[in-house]
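Trainee: I should like to understand how the descriptive words used for a protein model are justified. May we go through the reasoning together?

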Amino acid sequence: MTETNRSHLSALARSAEDGMVAYFSMEIAIRPDMPTYSGGLGVLAGDTLRSAADLGLRMVATTLVHRKGYFQQHLDGEGNQTDSSQPWSPEEKLVAEEPIVTVTVEGRSVAIRAWRFDVHGVTGHTVPIYMLDTDLEQNDPEDRNLTDQLYGGDGNYRLRQETVLGLGGPKMLAALGYDPAVYHMNEGHAALLTVAVLEQHLEGRTLATATERDFAAVRERCVFTTHTPVPAGHDRFSMEQAHRILGEECATLLERAGACHDGLLNMTYIALRFSRFVNGVAMQHGKVSRAMFPDYKITAITNGVHAATWTSAAFQAVFDRHMPRWRQDNVTLRYAIDIPENEVAEAHGAGKKLLMDAVRELAGTELRKDVFTIGFARRAATYKRADLFFHDPERLVKMAEQFGGLQILYSGKAHPADQPGKAKIKHVIELAHEYSSDKLKIVYLENYAWKLGALLTGGVDLWLNTPKRPYEASGTSGMKAALNGVPSLSILDGWWIEGWIEGVTGWAIEDREDEAGEAASLYEHLEQTILPLYYQRPEQWQQIMRSAIALNGSFFNTQRMIEQYIVNAYYPESLVDCSAETLEPILSK
Ligand SMILES: *Cc1c(COP(=O)(O)O)cnc(C)c1O
């Protein structure tokens, strides 16, 4: 047995002896028919829990129930986005738990109950998810809607929600009989849990009496993953909001602990102050985070995706035939390198047909299975630069004519308050109207979500990603594509820096001085390498598809990721020494 294997086993044994990991996330993509997530962060959380269940890790998760979901996107003919809510009923899908706990929000007592959903792993192990709900009769009407809308409302609403999650979550877990050994904060939204853990540790003493030693005890139990590579992206609130909503005692404690920055309560600083382990979500994002927070030790654990969830049915069948243990042991996807080319081509063809059928149904557009098809789908945040591909539309038209056709599928929602993001969508749709022809087909699919994401990453021929560096912390949709044998053409940002082998797993758009230069690099790759390969040397193309699975599918999965959390973050051989003497005091900062 290898060293790594042994340490993973002993780490899992420690989870059995030493207690559970409590995973906190504002959003979790649990099932396609439950709108409890907005995008990458929630999908990652769901995939993490699915892999934890597969591995048999003792883990429990906490989130909010989000009765009105995130939002449904509607696009009119001109590309204007309008939004509606996505009400759903936890009563129909979840188990109601007995305990009611209360937290104080803005001076009012708010009662919270929990709904349970069990994630079942491939080995039969279960990871429960508790979804907090304040829609109880005894609550004030305005508190009853606190767990309704994911990322809805204003700053006041968000801080109240984060109070329910952070202060209410640990209380609920205790009421349900859990005593977690480790608390994992998936992004700063859950950072207030550190205050709840401190309160539990103080056993009735007030927060005002907390000492350096008490802070150290909290730190010993907390682990934090940051996801945001720009300072403005970190969750912040005014000190007036902090004092009003959290109350004097809590706000004063956070000030004393140095969790305020530039005169604002900063959720990232709370989490940094009270965690013994902090990581970014890809190698480069670790570096960017260290530069942003130079006073902290920040490492990197690269994201992944849950392999079985994001592999198309046709490829699942191929993997089951060739690597029958791939669901239990994702590393065996490395042996995809031995799958015959024709089986790869056939499985991809099945995925492509499903996608074309869906496009016909959703958009009324007839696409061709024998035409090269590019996919671009992600949140319509401006840094993702959805329109970079159209920098020189005439060149695209020419390319499509020269090679016998080009099809491009777009999808993505802008947050309802994100006007520049909505403008990007409108721009892409206008360009699609202007330049679509017999040879060049451009389709924007409405309402990007789980199922559409799976269809697109399982059915296109190339996955395109054009973020502005270094804004893509990781990105995970290209990992889903890789599992389905779809190579990427991408800016070297996020995970792609690690996943890119030129001409083997995909291609890199060169880092050039401006957008025109980067677009030119994109076109050069298509004209000189990608389209000739696809249309003229299909066997070589199939070999690239296969190496995308073998090299990237076997690594960029949440099973490898959670194993790294187990050995480095949850149960390192010897806990980082967190005693008050060895840590730089929190109070003096
Ligand atoms: C995978 C996924 C994402 C994340 O994709 P990125 O590459 O990180 O942008 C977002 N939304 C949905 C619906 C997904 O399935």
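Mentor: We begin with the aromatic rings. This predicted model holds 26 aromatic pairs.

Trainee: Why is the pair of F215 and F274 called edge-to-face?

Mentor: The ring centres of F215 and F274 are 5.4 Å apart, and rings pair if their centres lie within 6.5 Å. The planes stand at 85°, and planes over 60 degrees apart count as edge-to-face. The pair of F215 and F274 is therefore edge-to-face.

Trainee: Which parts of the chain does the pair of F215 and F274 tie together?

Mentor: F215 belongs to helix α7, whereas F274 is in the loop between α10 and β14, so the pair ties together parts that are 59 residues apart in sequence. That loop runs between α10 (267-273) and β14 (277-280). F274 also lies 6.5 Å from V218, C-alpha to C-alpha, with their positions 56 residues apart in sequence.

Trainee: Are F215 and F274 buried or exposed?

Mentor: Buried means under 20% relative accessible area. F215 has 0% relative accessibility and therefore counts as buried. F274 has a relative accessible area of 1%, so F274 is buried as well.

Trainee: What makes the pair of W507 and W541 stacked?

Mentor: The ring centres of W507 and W541 are 5.7 Å apart and the planes are at 20°. Planes under 30 degrees apart count as stacked, so the pair of W507 and W541 receives that name. W507 lies in strand β21 (residues 506-509) and W541 in helix α21 (residues 538-553), so parts that are 34 residues apart in sequence are tied together. Both W507 and W541 are buried.

Trainee: Which residues form one aromatic cluster with W507 and W541?

Mentor: F372, Y534 and Y535 form the cluster together with W507 and W541.

Trainee: Let us turn to the helices. Why is α20 called roughly perpendicular to α21?

Mentor: Helix α20 (residues 515-536) and α21 pack at an angle of about 115°, with their axes 6 Å apart. Angles of 65 to 115 degrees count as roughly perpendicular, and α20 is therefore roughly perpendicular to α21. In this contact, I530, L533, Y534 and Q536 of α20 meet P538, Q540, W541 and I544 of α21. The contact residues comprise six nonpolar, two polar and no charged.

Trainee: How do you know that α15 is roughly parallel to α20?

Mentor: Helix α15 (residues 393-403) packs with α20 at an angle of about 10°, and the axes are 11 Å apart. Angles under 35 degrees count as roughly parallel, so α15 is roughly parallel to α20. The crossing of these two helices, α15 and α20, is right-handed. On the side of α15, the contact is made by R395, L396, M399 and F403. The residues of α20 in this contact include A520, Y523, E524 and Y535. By class, the contact of α15 with α20 has nine nonpolar, one polar and three charged residues.

Trainee: Why are α6 and α7 called oblique to each other?

Mentor: Helix α6 (residues 193-202) and helix α7 (residues 212-219) pack at an angle of about 120°, with their axes 9 Å apart. Roughly perpendicular covers 65 to 115 degrees and roughly antiparallel begins over 145. An angle of about 120° falls in the rest, so α6 and α7 are oblique to each other. Helix α6 passes α7 in a right-handed crossing. T194, V197, L198, H201 and L202 of α6 make the contact with D214, F215, A217 and V218 of α7. These residues divide into six nonpolar, two polar and one charged.

Trainee: What makes N447 buried?

Mentor: The relative accessible area of N447 is 19%, and the cut-off is under 20%, so N447 is buried. N447 lies in the loop between β18 (440-445) and α17 (450-457). Phi of N447 is near 60°, a positive value in a residue other than glycine.

Trainee: Where is R385, and how is its burial judged?

Mentor: R385 is in the loop between β16 (373-377) and α15. Its relative accessibility is 6%, so R385 counts as buried. R385 too is not a glycine, yet has a positive phi of about 50°.

How values were computed. Residues numbered from 1 in each chain as written. Predicted model: local features only at pLDDT ≥ 70, side-chain atom pairs only at ≥ 80, totals over all residues. Heavy atoms only, no water. Helix = DSSP H or I, 4+ residues; strand = E, 2+ residues; numbered from the N terminus. Buried < 20%, exposed > 50% of the residue type's maximum accessible area, 1.4 Å probe, protein only. Axes fitted to C-alpha atoms, helices over the stretch in contact; angles between N-to-C directions. Left-handed = near helix turned anticlockwise from the far one by under 90°. Contact = heavy atoms within 4.5 Å. Nonpolar A, V, L, I, M, F, W, Y, C, P; charged D, E, K, R; others polar. Phe/Tyr/Trp six-rings, centres within 6.5 Å; stacked < 30°, edge-to-face > 60°.
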